[in-house]
Amino acid sequence: METPGSQSSLHRANLERVVRAVRLAGSLTQAEIARATGLSAATVSNIVRELKDGGTVEVTPTSAGGRRARSVSLSGDAGIVIGVDFGHTHLRVAVGNLAHQVLAEESEPLDVDASAAQGFDRAEELVERLIVATGVDRAKVAGVGLGVPGPIDVESGTLGSTSILPGWSGTKPAEELARRLGVPVHVDNDANLGALGELVWGSGRGVKDLAYIKVASGVGAGLVISGKIYRGPGGTAGEIGHITLDESGPVCRCGNRGCLETFTAARYVLPLLTSSHGTDLTMEKVVRLARDGDPGCRRVVADVGRHIGSGVANLCNLLNPSRVVLGGDLAEAGELVLGPIRESVGRYAIPSAGRQLSVLPGALGGRAEVLGALALALSEMGDSMLLDGSGAGSVPAATPAFT
């Protein structure tokens with residue numbers, strides 16, 4: 001039995017500090033581990049050697065600043081995490097190891113709004129299929145990250161606004177999926193997970209404060225403050241889509257008029273082009289036509305960008321983020337939408353806040369949310385299984401890295 005303050009308990013704490021730093025970063029040099037943990041270089045070297053001998057980490061030669069170094073990452077055999085992303089029209093699942101590599105990933109169309117039970121059934125089936133396909137030891141699954149397109153009550157874990165997902169009213173997504181899969185499940189809304197994905201592996205790398213704006217069938221923002229997702233006490237922080245732009249504007253599904261969503265979300269934007277382009281349009285197709293020079297689509301994309309920019313300006317005035325990352329299909333429009341966003345920010349934001357802001361397209365595309373779900377599972381898991389249960393099991397070689 002370890003006594004608090006004893007040499008053995010201190011050693012255990014140092015082991016956990018090193019494992020956690022590597023787990024969250026994916027890979028670090030020993031010098032970077034020392035900086036991240038505050039431990040001495042000699043202590044880090046000894047701990048890395050011990051973890052390597054126990055099969056918990058892998059050490060590979062690398063270079064840093066032109067000098068030879070050793071990169072430390074968790075062993076691909078150390079454990080498995082799963083990401084599940086429910087969009088309004090799709091389900092995407094990814095299986096990854098603790099070395100930040102994706103072992104398998106699959107997406108399929110799904111009307112998530114219709115039925116929570118159907119959504120959970122399909123997610124359970126897809127998770128089980130990918131586990132079997134990769135041949136991983138199911139006992140190695142450390143946890144699941146789950147994304148849903150609606151606000152989650154932080155205390156109860158219940159999905160919020162029934163106007164957003166009426167078929168999911170009163171459900172507790174994490175509790176239900178955990179019951180089905182038999183492993184810990186951590187849930188967040190899709191915009192927060194998109195922010196987390198871009199923060200760890202995409203356009204948000206290197207910053208501490210950012211907003212990830214996702215425009216799809218709705219509009220949401222994932223907010224990162226001081227390097228952490230900010231959810232608010234009720235879990236509804238970031239509902240940028242319901243900022244009022246015009247009190248006399250269209251009626252929003254939330255019951256108010258003239259919300260940002262009513263000027264930018266696909267369900268409101270696509271009908272503007274019906275008379276000239278037909279009824280089979282999607283935002284992906286509109287963006288493609290705009291990039292090809294279609295004047296109507298270019299105008300609609302630019303107008304959407306200006307409206308988004310008004311919402312971003314409000315964020316700048318309130319939170320002063322250093323970076324805004326645009327996700328969803330709209331991000332593929334590049335400067336056709338980013339330029340108008342910056343124009344509105346320049347017009348409506350406080351000058352000092354606007355000058356410090358960079359507006360970038362997401363680097364992860366449609367994978368941002370599912371990779372964010374993997375990142376959530378990685379951040380929430382404990383380190384005891386890595387230190388106490390390493391060695392057993394077999395995980396196949398990975399294919400694409402998270403990056």
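1. In this predicted model, Glu261 and Arg253 form a salt bridge, with 2.8 Å between the closest N and O atoms. Glu261 is buried, at a relative accessible area of 1%.

2. A second pair joins Lys214 to Asp190, where the closest N and O atoms are 3.2 Å apart. This salt bridge links distant parts of the chain: Lys214 belongs to strand β9 and Asp190 to helix α6 (residues 190–201), 24 residues apart. Both Lys214 and Asp190 are buried.

3. Arg179 and Glu176 meet through their side chains in a salt bridge of 2.7 Å, N to O. Both lie in helix α5 (residues 173–181), and because they are 3 residues apart there, about one helical turn separates them. Arg179 is exposed, with a relative accessible area of 59%. The two also belong to a network of salt bridges that links Asp121, Glu124, Glu176, Arg179 and Arg180. The structure holds 19 salt bridges.

4. Searching the whole structure for cavities of 30 Å³ or more gives 1. The largest cavity holds about 50 Å³ of space. Two or more lining residues come from each of β9 (210–215), β10 (219–225) and α11 (295–319); β10 gives the most, with 3 residues. The lining comprises 8 nonpolar residues, no polar ones and 1 charged. Among the lining residues are Asp209, Ile225, Leu319 and Pro321.

5. Ile225 and Leu319 also appear in a nonpolar surface patch of about 390 Å², made together with Tyr230 and Leu318. Leu319 lies in helix α11 and is partly exposed, with a relative accessible area of 41%.

Technical notes:
Residues numbered from 1 in each chain as written. Predicted model: local features only at pLDDT ≥ 70, side-chain atom pairs only at ≥ 80, totals over all residues. Heavy atoms only, no water. 1 Å grid on protein atoms, 1.4 Å probe; cavity = no way out; pocket = protein on both sides within 12 Å on 5 of 7 lines; lining within 4 Å. Points joined across faces, edges and corners; volume = space filled by probe spheres on them. Helix = DSSP H or I, 4+ residues; strand = E, 2+ residues; numbered from the N terminus. Nonpolar A, V, L, I, M, F, W, Y, C, P; charged D, E, K, R; others polar. Patch = residues over 30% accessible without salt bridge, like charges linked within 9 Å, V, L, I, M, F, W, Y side chains within 5 Å. Areas by Shrake-Rupley, 256 points an atom, 1.4 Å probe, with all protein chains shown as cover. Salt bridge = Lys/Arg side-chain N within 4 Å of Asp/Glu carboxyl O. Buried < 20%, exposed > 50% of the residue type's maximum accessible area, 1.4 Å probe, protein only.
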